[in-house]
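Here are my notes on the model you sent over. I've kept them as numbered points so you can follow along in the viewer.

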Amino acid sequence: MNKLFKFFLVCVLVVLQLGFAQAQETQKPFDFTQTSNQLSKMEQNLKSGNYTLENIDENSAFLNNLTTILQSVKKENEKELKTAQKQLEALGAEPEEGAVELDELAKKRQEFKNNLAVLKNKIAETDLLQVKIDELNILILNSRNQKLIGSLVNRQSMFIEPQTFILGIKSLISFFWDIAKSPVVWYNTELNEQAKTYVLSYLIPIFFILIIAFWLGLLLKRLILTNLGYRQDIENPRYGQKIMASVFVAVAYGVIPSLIIGSFLLWLIGTKIFTIGFFGRVLNSALFYLLYVILAKAIARVTFAPYNEKWRLLNVSTPKAVAIVKSLNLSIVLIGIISFLEHMAVNYDYSQDLLNGLTIIACAIKSFVIVLLTGKIFNQDENKNTVECKAEDENDDDSISASAKILFSTAFICVVTFGVSIFGYPELSEYILNRIILSAIILSAFLIVHRLLSEVLRRILLLGFWGKTFKIRRKVLTKVNFGLSLVLNPLLALMFIFVALNLWGLSGDFIIHVAKKVLFGFKVGGVEISLVAIVLSIVVFFASLALVKLAKNHLTNNVFTKLNMDEGIKHSLSSGIGFIGFIISILLAIIVMGADLTNLAVIAGALSVGIGFGLQNVINNFVSGIIILFERPFKVGDWVILDNQEGTIKQINIRSTELETFNKTSVIIPNATLLSSSIINMTHDNNWTRKAVTVSVAYGTDVNKVTDILLECAKNNKKILKTPAPYVLFQDFGANSLEFELRCYSKNIWEGWSIPSELRYEINKRFIEEKIEIPFPQLVIHRGDKVASETQFYAHKEEEE
């Protein structure tokens with residue numbers, strides 16, 4: 001432990017020393033003259049053509065580093081410039097002509113002016129150097145392209161010319177004959193008697209050793225495939241399981257044979273006899289390229305898993321996977337053979353005619369490979385119903401499928417590229433075809449990496465740790481997974497674009513320089529825009545809003561539940577925290593974006609213009625929400641009536657308030673409308689309510705008895721308050737009845753729905769018991785001089801038996 005502590009202490013001291021040294025280095029004044037001379041010398045070298053690709057890369061890295069230094073120097077000078085301007089402004093305005101200023105003040109004023117002039121000159125020199133750097137970057141790009149493309153566009157003799165064609169064919173025949181006779185020449189002329197004896201004595205043992213090694217390799221291969229390869233008992237393997245199984249299958253089909261062949265190759269190189277002469281180079285190179293072929297075929301096999309659909313890394317059908325793997329195997333073998341032949345021709349200084357011929361053959365093979373694989377990938381499945389295909393062809397005679405268009409376009413590009421090689425530019429043609437093949441390989445690798453990372457992120461978010469520790473619901477984790485995928489996909493796409501551009505000849509330093517320009521700041525007019533700052537400000541805004549939401553939920557669910565306060569006050573406090581958090585989030589986003597908060601007056605002026613034109617209603621609702629929050633004319637849970645809408649306040653937001661009616665529909669009302677309208681709040685101070693039940697009885701009924709019955713019904717209801725006591729009003733002599741109204745009070749308005757109904761049930765029961773009639777509407781008709789008898793009135797009728 002003491003040694004570990006000492007080691008840690010030494011590391012800390014080293015880091016502090018390096019930081020102090022770097023700080024001292026950055027404090028050194030920047031030498032503009034020396035830097036300008038270095039840039040001028042670089043420009044002369046580039047224009048003279050006295051450079052290599054390595055020099056270009058070094059110059060590009062130097063310019064990128066210099067750009068970073070200049071940006072920091074400029075920022076420092078701008079800060080000092082603002083400080084000097086404030087100091088000069090603190091002295092006040094300059095005295096008018098003839099006025100006398102104190103010598104000390106005049107001396108200070110002149111000193112500040114000189115300092116301002118020096119700082120302005122430094123900033124101007126920084127800008128000039130940056131312009132010079134931009135010009136040199138363009139010059140470097142042109143120089144790199146000239147170096148790169150210059151060798152590719154060196155025109156050779158056209159292969160279609162008869163003389164060139166004949167020479168090329170003769171060179172090819174001679175080359176193949178040299179390879180064929182190389183073992184005999186090697187053994188007869190290039191080996192002495194001792195070496196021949198050594199070869200003959202080791203030939204048979206090595207042959208048997210190789211047989212045994214391959215047999216052991218087959219056993220190991222079967223063992224790996226049985227226990228660690230594709231397991232048929234797993235119905236739906238995860239993508240991580242697919243990757244692990246693919247690694248072991250690649251080991252079985254690729255690594256084990258490669259180890260055997262590689263060991264044999266190392267033994268051949270170690271003997272030094274099998275490296276003598278042209279045959280030694282042929283044998284070693286052939287084994288070396290054979291390693292590439294075996295490994296490439298193994299990768300193709302595990303990627304598409306032609307006979308194990310559920311373990312396939314790329315989502316294609318089984319017939320298509322089988323066809324693609326067969327085409328890939330043929331393509332790998334053909335490219336391996338032609339690459340081996342080109343390697344031999346280059347390393348043994350054969351004629352340019354032979355090199356051109358082999359390059360043209362390589363272009364033909366690679367064009368064929370690209371077209372073949374494109375057709376297999378974008379073609380329909382081979383087990384497609386041919387009858388359906390014929391029916392579609394009959395219905396769509398004039399239409400061309402997307403796969404056919406892709407195949408035709410690819411074939412056209414390959415034919416044109418191959419034609420370039422025939423007409424004297426074989427190196428350019430091979431360069432383009434190689435980049436197309438490598439780009440396709442890199443794209444496939446990125447697709448697999450994308451699937452793997454997505455699976456890893458999904459498995460991490462599915463862990464129970466998040467729910468147990470942070471109480472995060474599965475729905476929230478799903479949203480987080482979706483958000484991470486939105487971040488992961490563009491990052492992988494940008495990485496692929498970077499690798500592809502670098503593959504096609506653009507320097508990584510130049511790409512990074514352009515990316516920095518685009519991402520970290522470019523000027524449009526006089527405004528500097530930074531995409532990274534904008535993205536970071538958006539991220540900070542939403543992250544801070546998420547933190548505010550977590551704080552609100554914590555206070556609402558934990559802290560406020562332990563406090564003895566009204567629910568409306570709790571919600572008002574929670575909404576206030578949300579408002580404040582929203583404003584803080586906006587300020588943080590503005591700071592991260594790089595806006596100067598000292599210019600808030602300008603920002604406020606711009607906002608006022610926006611309010612005058614288009615943001616007036618938004619700001620009006622926002623301010624109204626704040627007024628509602630503090631004035632509290634209503635709170636969450638209140639029973640309110642607004643115009644024709646009646647319901648409870650469900651939520652008070654920044655811009656609007658949500659009203660839930662009693663039929664469970666939501667009404668969104670702007671806060672400004674609520675503040676400027678008359679609102680009936682049924683539960684503003686308390687939940688008391690008064691209920692009334694109207695009752696009609698027939699003429700002739702004892703009114704005192706009716707009053708007593710109504711009061712008894714009210715007193716027997718437990719929901720009705722004793723104080724204030726219920727009371728009865730004899731309201732009117734109606735056309736057909738005597739009108740009474742029972743009024744009572746309840747301390748809970750939410751139970752007021754049931755009180756009138758319960759009273760009516762009880763009143764109806766008592767009226768039946770007391771033989772009190774509730775009359776129907778009736779009309780008395782007189783005919784001539786006859787008057788109806790009194791017995792027609794319901795109150796005077798005889799009781800029916």
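1. Start with Glu712: in this predicted model Glu712 is partly exposed, because its relative accessible area is 35%, and the cut-off for buried is under 20%. Its salt-bridge partner is Arg766, with the closest N and O atoms 2.8 Å apart. That pair links distant parts of the chain, since Glu712 sits in helix 21 and Arg766 in helix 22, 54 residues apart. Arg766 itself is buried, at 14% relative accessible area.

2. The pair isn't on its own. Glu712 and Arg766 belong to a network of salt bridges that also takes in Lys705, Glu769 and Glu770. As a reminder, side chains of opposite charge can pair when their charged atoms come close.

3. While you're there, have a look at helix 21 as a whole. It runs over residues 703–715, 13 residues in total, and spans 18 Å from its first C-alpha to its last, close to the expected 18 Å. Just ahead of it, Asp702 caps the N-terminal end, placing a side-chain oxygen 3.2 Å from the backbone nitrogen of Asn704.

4. Which residues of helix 21 are buried? They are Val706, Ile709, Leu710, Leu711, Cys713 and Ala714. The cover over them includes three strands, namely strand 8 (689–697), strand 9 (727–733) and strand 10 (738–746), along with helix 22 (755–769). So helix 22 turns up twice in these notes, as part of that cover and as the home of Arg766.

5. Now move to the other salt bridges; the count for the model comes to 14. One of them joins Glu43 and Lys132, whose closest N and O atoms are 2.4 Å apart. Glu43 lies in helix 2 (residues 32–48) and Lys132 in helix 4 (residues 103–152), so this pair ties together parts 89 residues apart in sequence. Are the two partners buried or exposed? Glu43 counts as buried because its relative accessibility is 17%, while Lys132, at 23%, counts as partly exposed.

6. Helix 4 has another pair worth a click. Asp127 and Lys74 meet through their side chains in a salt bridge, 2.9 Å from N to O. Here too the link is between distant parts of the chain: Asp127 is in helix 4 and Lys74 in helix 3 (residues 53–90), 53 residues apart. Asp127 has 31% relative accessibility, so it counts as partly exposed.

7. For something without charges, colour the surface around helices 16 and 17. Val514, Val518, Leu519, Leu531, Ile534, Ile538, Phe542 and Met593 make a nonpolar surface patch of about 640 Å². Helix 16 (508–520) and helix 17 (531–559) are the elements that give two or more residues to it, and helix 17 has the largest share, with four residues. Leu519 belongs to helix 16; at 34% relative accessibility, Leu519 counts as partly exposed.

8. Finally, the overall picture. The protein has 801 residues, and 32% of them count as buried. It holds 22 helices and ten strands. Of the contacts between residues at least 6 apart in sequence, 70% join residues at least 24 apart. About 51,100 Å² is exposed, with carbon and sulfur atoms supplying 63% of that area.

How values were computed: Residues are numbered from 1 along each chain as its sequence is written. This is a predicted model: local features need pLDDT of at least 70, side-chain atom pairs count only at pLDDT 80 or more; totals for chains, interfaces and linings use all residues. Side-chain values use heavy atoms; hydrogens and water are left out. Buried means under 20% relative accessible area, exposed over 50%, partly exposed in between (1.4 Å probe, protein chains only). Contact means heavy atoms within 4.5 Å. Accessible areas come from the Shrake-Rupley method with a 1.4 Å probe; for residues, only the protein chains shown count as cover. The expected span of a helix is 1.5 Å times one less than its number of residues. A polar contact is a pair of N or O atoms within 3.5 Å; within protein, one must be able to donate a hydrogen and the other to accept it, and residues adjacent in sequence count only if both atoms are side-chain atoms. Patches are made of residues with over 30% relative accessible area and no salt bridge: like charges are joined within 9 Å, nonpolar side chains (Val, Leu, Ile, Met, Phe, Trp, Tyr) within 5 Å. A salt bridge is a side-chain nitrogen of Lys or Arg within 4 Å of a carboxyl oxygen of Asp or Glu.
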